[in-house]
Amino acid sequence: LNSSRSIILEAAIERELPAALGEVANNLDAHLLLPITVSKTMSSNLYAQQFISDGEQADDRPKVIANLKSIQNEFNTISAFLVSAKTGNYFTQSGLFKTLSKQNNKDQWFYDFMASGKKSELSLDVDEETKIPTLFINYLMDVSGKPSAVVGVGLSLENMAKTISQYRIAQTGKVFLVDQQGKIKLHPDTQQIGKSLTALGVSNSQQLLSKAEFSSTEFILNG
């Protein structure tokens, strides 16, 4: 019996599980394709680039804000935003939300991204304006060849949690997403968001978080 169990587990871990997770990853990629494309298009918007180049004149702000509102409505996002590197002004679909400061810990995401050299990133956080857990799709905007702003959209994590709740591994397996520190960022049960893999009973979480194409471990959940 033990031999048969081992064979079944080996087949599941080596073939069935990687294939199932690959399908989930492909579906999530497809789900994110449109908002990623929208954010990328925002980074090349000529009017927004001119707005930044001209010093964010007060007379031009209504058109920029109206464009962000239009993006939010058309693509059903939590938010659409433009953040200036020069002034720190953070514009959303509702107007000028705030002015960022390097001394404010809540604003460090912006300065870290600007210093990273990356063109884009996906970031999970609570939207400071709406107070809604959000997946932010950040894109760098260059003006005259110089990194000058960050633009993008925010998606509701609750809606994404509903999306991943549709996925099952075998009959009872659930899919959830964690960050590189092992903190749960997206889970069908939103009460689990923010907990660590260690809190779930995973003692060797670093193995799971390695850069390997696929890794697995066994642990007992809830005793």
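The second largest pocket, with a volume of about 310 Å³, is the starting point of this tour of a predicted model.

**First stop: the second largest pocket**

Select K106, W109, D125, V126 and E128; of the 15 residues that line the pocket, these are the closest to its centre. Next, colour the elements β2 (89-92), α4 (108-116), β4 (120-126) and β5 (133-143), each of which supplies at least two residues of the lining. Which element gives the largest share of the lining? Strand β4 does, with three residues. Colouring the lining by class shows five nonpolar, five polar and five charged residues.

**Second stop: N138**

Proceed along strand β5, one of the elements that supply the pocket lining, and select N138, whose place is in that strand. Is N138 buried or exposed? Its relative accessibility is 1%, so N138 counts as buried, the limit for that term being under 20%. To see what surrounds N138, display the residues that it touches beyond four places away in sequence: F81, W109, F113, K119, S120, E121, S123, V150 and V151. One of these, W109, has already been selected among the residues closest to the centre of the pocket. Another, F81, leads to the next stop.

**Third stop: Q93**

From F81, turn to Q93; the two residues are twelve apart in sequence, and their C-alpha atoms are 6.8 Å apart in space. Q93 lies in the loop between β2 and β3 (95-99). Although it is in a loop, Q93 is buried, with a relative accessible area of 9%. Leaving aside neighbours within four places in sequence, show its contacts: I65, L68, K69, Q72, I78, S79, A80 and E129. Which backbone atom lies 3.0 Å from a polar atom of the side chain of Q93? It is the backbone nitrogen of A80, a residue also found in the contact list of Q93.

**Last stop: the whole chain**

Finally, clear the selections and display the entire protein chain. Its secondary structure comes to seven helices and eight strands. Of its 223 residues, 36% are buried; N138 and Q93 are two buried residues already visited. Displaying the surface shows an exposed area of about 13,400 Å², of which carbon and sulfur atoms supply 51%. How are the contacts spread along the sequence? Among contacts between residues at least 6 apart in sequence, 48% join residues at least 24 apart.

Conventions:
Residues are numbered from 1 along each chain as its sequence is written. This is a predicted model: local features need pLDDT of at least 70, side-chain atom pairs count only at pLDDT 80 or more; totals for chains, interfaces and linings use all residues. Side-chain values use heavy atoms; hydrogens and water are left out. Helices (H or I, at least four residues) and strands (E, at least two) are DSSP runs, numbered from the N terminus. Buried means under 20% relative accessible area, exposed over 50%, partly exposed in between (1.4 Å probe, protein chains only). Contact means heavy atoms within 4.5 Å. Accessible areas come from the Shrake-Rupley method with a 1.4 Å probe; for residues, only the protein chains shown count as cover. On a 1 Å grid over the protein atoms alone, a cavity is a set of points where a 1.4 Å probe fits but cannot get out, and a pocket is an open set with protein on both sides within 12 Å along at least five of seven lines; lining residues have an atom within 4 Å of a point. Grid points are joined across faces, edges and corners, and a volume is the space filled by probe spheres set on the points. Ala, Val, Leu, Ile, Met, Phe, Trp, Tyr, Cys and Pro count as nonpolar, Asp, Glu, Lys and Arg as charged, and the others, Gly among them, as polar. A polar contact is a pair of N or O atoms within 3.5 Å; within protein, one must be able to donate a hydrogen and the other to accept it, and residues adjacent in sequence count only if both atoms are side-chain atoms.
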